[in-house]
Structure formats: structure tokens, C-alpha cells
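This report looks at a few local features of a protein chain. Please keep the sequence and the structure at hand while reading.

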Amino acid sequence: MRWRSLATAALLAAVTATGLAAPAASAAESGPAEAAAAEAATAQAGAVVPAADREIRFTADGTTAYGTLHVPAHRAGHRLPAALLLPGSGPTDRDGDEPPALTPGTLAAVAGTLGEDGVMTLRFDKYFTGRTGAGAYQGDPGRLDLAAFTRQAAAAYTTLRDQPEADRHAMLVVGHSEGGLQAMLVARTVRPAPAGLALLAPQDERLLDVLAAQLDAQLDQAVVAGQVTEEAARTNRTALAAAVADFRAGRPVDTSALLPPLAELLNALFGPNNARFVRSDDAVYPPEVAREVRPGTRVTVTCGTADANVPCGTVPPLLDALARAHTSGPGLRTLDGVDHFLHPAGTPVDGHALAPAAVAALHEFARPWKQ
């Protein structure tokens, strides 16, 4: 059997990479002052400002991060709703890609969809991706933890808020996968608090619980396909549960009973480059964070019925916590036949078109701020 396919899905829960992705495609690079001057010049003619992308940079913890600001067409001087887009786990860049192997383009497609409603967006290369690279963590990725990524995202939010076109009363955060958890963490720290959160196939359980469930499901599929025996699958499930328990307890982790690709995956996750991040993320239970979302925040949560990474059956505790926080709708949107990357099930991983149901959910989320 090709066990690489099993490890690939699980690696969506991995956190850093020792190599850097290629730089993002170039765009005009300017700051708020240059953008304001350009818009002022356009305003004198009373014209509509055409849609444009700007290369944005900001600093967090001594590292300069780079991103793309998409500004939809608008009348000069008009303030626009502004959404920060946050990617999933692993070395995922501003477009939602992990090149060269994984290029679903999820965040780039989300930016385009929200732009149709007149929502400006900022998406950025987080640590160890794209133009941002390793930054201050070069040579020592093991120092990274969940809080470092939250600070970086909060700095991006502040940068978006301070753009001359942004409406500070219509700040939004949209997070995909682990980015959904980050969206709620960022919302606790930034000012003004976001008016809306879109949690797209969000991480809704502790990190290692998500990972174990994914691997267990893939072992079940391997048994059905006749690729491993039920006994071998049972042995690996037991060894996986023991490894997770030992890691959480701070004990040495024994992966010798696991199939080689699973042992390799866990050794990487629990090794010096990733252990601090994994431990910090795994310590967070997303429904507990959801209970701290500001009352009245407009929240959309999506789950795809073809999503093997964040299945719809695990979402209820998160939804209950959001209800207890007195957030407002739309609430849950179940996307029939949609996978984890918001593509129609069966779409090649490099297919960049969002499923119609995902597009509809995004438009519904943005409706109060549609231009």
C-alpha cells in the first residue's frame, strides 16, 4: 500500500517546515500613505477607484511578514468592510497553499468571493511560508508556539484596520481550518473587536484529538480496502493512543509499534522543531475559546459533508459554545458534498474553484456589509 496518502492527510495537522516556499507572486508594494495619496488624486476626479491588489508588509516579534491586500472597486473616499483571512495549519501561505504538492488556492478564492461583495481582504504568508520565510525563527523553529502565530495574525489585523480604505466599524476575520481557531483567538485581543467571524471548516477539537481521529479513519479505510489487516489496524490505533497520552503527560513517546509512515509523522510532530507548537495548540479546546467571543458578533460556521478532516459530527460543542456566548447568525451552514478545501468532493487538490455552497455561505456571511 502507498502509506504516503495516509500521512499526507494527517500532515494537515503539522505545523512548520524546514524548507521555505517560493516567494509569492509580485504585486504593487505600498503603504497606507501612498494608498491614501493615490485615492485622494482619484477623488478629485470623482471617479470610481478600480479594483487592485497591493503588497503589504508588517512586523511581528521582529519578523517582517508579507501579504496581499485586495481592494475591490469602490467610489473614492468610501470606506470598505475589511476581512483578515487566516490559513490552516502547516506551512500554508497567503493563498492557502503548501507548494509544490498542495495548492488548493482556498484563501485566494475566498478573497475573490468576498471581493464580489465589496469586502477588502488581507491574506499573508505566515512563518515559514512564502516571502515571509523563517524570519526571527531561522535556525530555531522549535521556539514557535501557537501564541506566536496569534500575535502575527493580530499584527496583520491592525495593519488591515489602518488601511485608508478600511471601515473600522466593519472589521471581519475569516479563518479556514486551524485558521478558524486562530480567528477566535485573534478576536480576543484586537481592537476594535471584529464585527463578524467566518469559521470555515474550523478546528473544533484539541489538535491531537483531530489528528488521532483522522488517522483512525484512514486505518479503517485501509482495512476495508484490504491494504492492512484488522489486527494491524487495531495495533496501530492502540499505539497511536498511547503515543498521544505519553506526549501530553510529558513522558517519552514510543512509536516502534506504528507503521513506518505513522511513526515518521509522530516523530516529526513530537520532535524538537514542532513539539512546542503542538503542545501549545493541543492545550487549547476550541469551544472554550468560542465562549469568549463578543456577544452580538455575526458568526458563520461551515462544515462539509465530504470533509474527512473536520467532519460535521464534531461541530456541535463549538456551536453550543458560540450560542452560549450570544453570538448572532447565520450560524452553521452544512455544505453538501464539499471537502475540507471548500471544493466539490472529488475535485483535484489543485482545483481553485470554491464549491457553489461555499460561495453562497460566504455571500450570506458578508450580506450586512455588502457594498
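The text below covers the disulfide, the cis peptide bonds, the positive phi values and one helix.

**Disulfide**

The model is predicted. Searching the whole structure turns up one disulfide. Its partners are Cys303 and Cys312, with sulfur atoms 2.1 Å apart. The link of Cys303 and Cys312 is right-handed, with 100° about the S-S bond. How exposed are the two partners? Cys303 has a relative accessible area of 1%. That value is under 20%, so Cys303 counts as buried. Cys312 reaches 25%. This lies between 20% and 50%, so Cys312 is partly exposed. The link thus joins a buried cysteine to a partly exposed one.

**Cis peptide bonds**

Two cis bonds are described here, and each leads into a proline. The table gives the bond, its omega and the loop that holds the proline.

| Cis bond | Omega | Loop holding the proline |
|---|---|---|
| Pro99 to Pro100 | near 5° | Pro100: between strand 6 (80-86) and helix 3 (106-115) |
| Arg191 to Pro192 | near -5° | Pro192: between helix 5 (178-187) and strand 9 (196-200) |

In the Pro99 to Pro100 bond, a proline stands on each side. In the other bond, Arg191 comes before Pro192.

**Positive phi outside glycine**

Ser177 has phi near 60°, a positive value in a residue other than glycine. Ser177 sits in the loop between strand 8 (166-176) and helix 5. His326 also has a positive phi, about 65°, and is not a glycine. His326 belongs to the loop between helix 11 (316-324) and strand 11 (328-335).

Is each of these residues buried or exposed? Ser177 has 11% relative accessibility, so Ser177 counts as buried. His326 has a relative accessible area of 60%. The cut-off for exposed is over 50%, so His326 is exposed.

**Helix 5 and its flanks**

Helix 5 spans 178-187. How many of its residues are buried? The count is 10 of the 10, so helix 5 is largely enclosed by the rest of the structure. The buried residues include Glu178, Gln182, Gly179 and Gly180. Leu181, Ala183, Met184, Leu185, Val186 and Ala187 are also buried.

Features described above flank this helix. The loop between strand 8 and helix 5 holds Ser177, with its positive phi. The loop between helix 5 and strand 9 holds Pro192, where the bond from Arg191 is cis.

Note on methods: Residues numbered from 1 in each chain as written. Predicted model: local features only at pLDDT ≥ 70, side-chain atom pairs only at ≥ 80, totals over all residues. Heavy atoms only, no water. Disulfide = S-S within 2.5 Å. Buried < 20%, exposed > 50% of the residue type's maximum accessible area, 1.4 Å probe, protein only. Helix = DSSP H or I, 4+ residues; strand = E, 2+ residues; numbered from the N terminus.
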